[in-house]
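Me: I have a structure open on my screen and would like to understand the terms people use for it. Could you take me through the reasoning, one label at a time?

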Amino acid sequence: MPDEPPVPPVKPPIRPEQDAGAGGAVVAERKTQQVKPPSLYQVVLLNDDYTPMEFVVMVLQHYFQRDLETATHIMLKIHHEGRGVCGVYPKDVAATKVELVLAAARRDGHPLQCIMEAA
């Protein structure tokens, strides 16, 4: 066995109450950070007399990942009550979905209105 260098002994850590003569050592306490979840916004489609129901169902399926049955249910709620919540998202995601829906409606020549409001 070759000569191994000697391992220096490990001194135990000094606790602040033991270190009275250290010349005013400062002990910093860690504060746990509290992270707030992002504010949520609901994306709402508003009823109008011109946008076809099939287009609204397509928008709900394509931009909000709703199945046919759920999309039809939301579309009927919009038709009968004048508005319907498509989903609840963080602010940036909700704003993006609103812009995508409005762009699709304008591209197809429909006056469909989509808004976001605090949930």
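Me: What makes Arg83 count as partly exposed?

Reply: This is a predicted model, and in it Arg83 has a relative accessibility of 34%. Buried would need a value under 20%, and exposed one over 50%. Because 34% falls in between, Arg83 is called partly exposed. You will find Arg83 in strand E2.

Me: Which residues does Arg83 touch, leaving aside those up to four places away in sequence?

Reply: Arg83 touches Gln42, Val44, Leu45, Leu46, Lys77, Ile78 and Glu117. Each has heavy atoms within 4.5 Å of it, as a contact requires. Asp48 is 35 residues apart from Arg83 along the chain, and their C-alpha atoms are separated by 9.5 Å.

Me: And Leu76, why is that one called partly exposed?

Reply: The reasoning is alike: Leu76 has 35% relative accessibility, so it is partly exposed, with the limits at 20% and 50%. Leu76 belongs to helix H2, residues 68-81.

Me: Let's turn to helices. Why are H1 and H2 called oblique to each other?

Reply: Two packed helices are described by the angle between their axes and the distance between the axes. Here the axes of H1 and H2 cross at roughly 130° and come within 9 Å. Roughly perpendicular covers 65 to 115 degrees, and roughly antiparallel starts over 145. An angle of roughly 130° fits neither, so H1 and H2 are oblique. Their crossing is right-handed. On the H1 side the contact is made by Met53, Val56, Val57, Leu60 and Gln61. On the H2 side it involves Leu68, Ala71, Thr72, Ile74, Met75, Ile78 and His79.

Me: What do we know about the packing of H1 and H3?

Reply: H1 and H3 pack at about 145°, and their axes are 11 Å apart. This crossing is right-handed too. Phe55, Val59, Tyr63 and Phe64 in H1 meet Lys97, Leu100, Val101, Ala104, Ala105 and Arg107 in H3.

Me: How do you know that Phe64 and Tyr89 form an aromatic pair, and what makes it tilted?

Reply: A pair of aromatic rings is described by the distance of the centres and the angle of the planes. Phe64 and Tyr89 are 6.3 Å apart centre to centre, and rings pair if their centres lie within 6.5 Å. The planes are 35° apart; stacked would need under 30 degrees and edge-to-face over 60. Because 35° is in between, the pair is tilted. Phe64 lies in helix H1 and Tyr89 in strand E2, so the pair ties together parts 25 residues apart in sequence.

Me: Are those two residues buried or exposed?

Reply: Phe64 is buried, because its relative accessibility is 3%. Tyr89 is buried as well, at 16%. Both values are under the 20% limit.

Me: What makes you say that a charge sits over the ring of Tyr89?

Reply: The charged end of Lys97 is 5.1 Å from the ring centre. The rule asks for a distance within 6 Å, and for a position within 35 degrees of the ring normal. Lys97 is listed as sitting over the ring.

Me: One more: why is His110 called buried?

Reply: His110 has 16% relative accessibility, so it counts as buried, the limit being under 20%. His110 lies in the loop between helix H3 and strand E3. Not counting residues up to four places away in sequence, His110 touches Thr51, Pro52, Phe55 and Ala105.

Methods
Residues numbered from 1 in each chain as written. Predicted model: local features only at pLDDT ≥ 70, side-chain atom pairs only at ≥ 80, totals over all residues. Heavy atoms only, no water. Helix = DSSP H or I, 4+ residues; strand = E, 2+ residues; numbered from the N terminus. Buried < 20%, exposed > 50% of the residue type's maximum accessible area, 1.4 Å probe, protein only. Phe/Tyr/Trp six-rings, centres within 6.5 Å; stacked < 30°, edge-to-face > 60°. Axes fitted to C-alpha atoms, helices over the stretch in contact; angles between N-to-C directions. Parallel < 35°, antiparallel > 145°, perpendicular 65-115°, else oblique. Left-handed = near helix turned anticlockwise from the far one by under 90°.
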